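Here is a short tour of one protein chain, with a few spots worth finding in your viewer. Have the sequence and the structure open side by side as you read.

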Amino acid sequence: MTFLRSESPCRQARPAGCQALAIGAALFVALPAQAQNDAMTPIPIPTQPGAIALGTGPLPGTKAPETWYSQYGSRFARNVAIATLTPFLPDPAKATGTAVVVAPGGGFQTLSMENEGSDVARALAAQGVAAFVLKYRLRPTPGDMPGFERSMREMFSGTARRPQPDPQNEAANLAPQIADADAAFTLVRTNAAKWHVDPTRVGMVGFSAGAMLTMTTTLAGRDKPAFIGIIYGPLAAVKVPENAPPMFVALASDDPFFAHGGFGLINSWLTAKRPVEFHFYEQGGHGFGMYKKDTTSTGWFDAFTSWMKMHGWLNPPRQSARANKQAR
């Protein structure tokens, strides 16, 4: 998602030498996927046509206003105090009835609004899937860019490898973000007819911290996703809820944060006899998202949509039930 130009030892396209970087509980900030344009440059808040306020209220304790910056040729938001949902709708003629809530990553301090947000949503819409980018509320950071950079350096100042965050135990800490996700599902299902969505076919895909939010929403949220995508998120074992949704997971073996803690989450789903597909790429680092890289991790999106097709979610609604039954 983002890192610091002045401090980063990971400026290559494949950040394999970053194993010693520390990460606080539930605070995962992705390493750079590109070496170009790595300076954090403040930019005006862009127009966000179609963004809908979710009504979850301002985040308590937030004093600095929402700001945006560019890095690696992409745009990021921070100090988000008001949650919004932005629809990216397919041509009604090719709409499948399936919808996906997209949760960008950024350590709950920033949001990768393009690489893990709108770029993903547009690609899904091209497949006939109604996609909705969730700009969830973030933990406050210093309002000025130098102060923000200092706070990021402090977060990465440790050298010891930390245990993987446990989504099961983080639900209380992520209560505002889970509330935002719940509100997003309610909004999509309430407007299902207008947006050509089948309310029983609303999934969620998240990246890094957004993957953590996707999992905690699945475990502790009020409104459960019909299926989930966990893209370079933590793989700690969890207690799988009854009728847990089908799960797609993608991770690179050189991910400095989550590739060396075992595959407890995968085993949890398998033990519960729930559908799971896991892609463990040789290279890709952390934060590859929709960036074009010379690694097989770039193929995660095609694999994800192939998985969706196998379950019938890319078929018209009448065909999907039959396909989904066959896939199971």
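Let's begin with helix H1, which spans residues 114-126 and bends by about 30 degrees at Val120. Keep in mind that this is a predicted model. From H1 we move to the nonpolar cores, and then to a buried arginine, Arg201.

**Helix H1**
- H1 is mostly covered, with 10 of its 13 residues buried.
- Val120, where the helix bends, is itself one of the buried residues.
- Other buried positions in H1 include Glu114, Asn115 and Glu116, along with Ala121 and Leu124.
- After H1 comes Gly128, which has a positive phi, near 85 degrees.

**Nonpolar cores**
- Which residues touch the most other members of the largest nonpolar core? They are Leu124 and Met308, in a core of 80 residues.
- Helix H4 supplies the largest share of this core, seven residues.
- Another core, of eight residues, lies apart from it and has Met40, Tyr72, Phe76 and Met152 among its members.
- Beyond its neighbours within four places in sequence, Leu124 is in contact with Val100, Val102, Val129, Ala131, Phe301, Phe304 and Met308.

**Arg201**
- You will find Arg201 in the loop between helix H4 (175-190) and strand E9 (202-207).
- Arg201 is buried but has no salt bridge. The nearest side chain of opposite charge belongs to Asp198, 4.5 Å away, while a salt bridge calls for atoms within 4 Å.
- The Arg201 side chain does reach a backbone partner: the oxygen of Gly312, at 3.3 Å.

Methods:
Residues are numbered from 1 along each chain as its sequence is written. This is a predicted model: local features need pLDDT of at least 70, side-chain atom pairs count only at pLDDT 80 or more; totals for chains, interfaces and linings use all residues. Side-chain values use heavy atoms; hydrogens and water are left out. The bend at a residue is the angle between axes fitted to the seven residues ending there and the seven starting there. Helices (H or I, at least four residues) and strands (E, at least two) are DSSP runs, numbered from the N terminus. Buried means under 20% relative accessible area, exposed over 50%, partly exposed in between (1.4 Å probe, protein chains only). Lys and Arg count as positive and Asp and Glu as negative; His and the chain ends are not counted. A polar contact is a pair of N or O atoms within 3.5 Å; within protein, one must be able to donate a hydrogen and the other to accept it, and residues adjacent in sequence count only if both atoms are side-chain atoms. A nonpolar core is a set of buried Ala, Val, Leu, Ile, Met, Phe, Trp, Tyr and Cys residues joined through side-chain atoms within 4.5 Å. Contact means heavy atoms within 4.5 Å.
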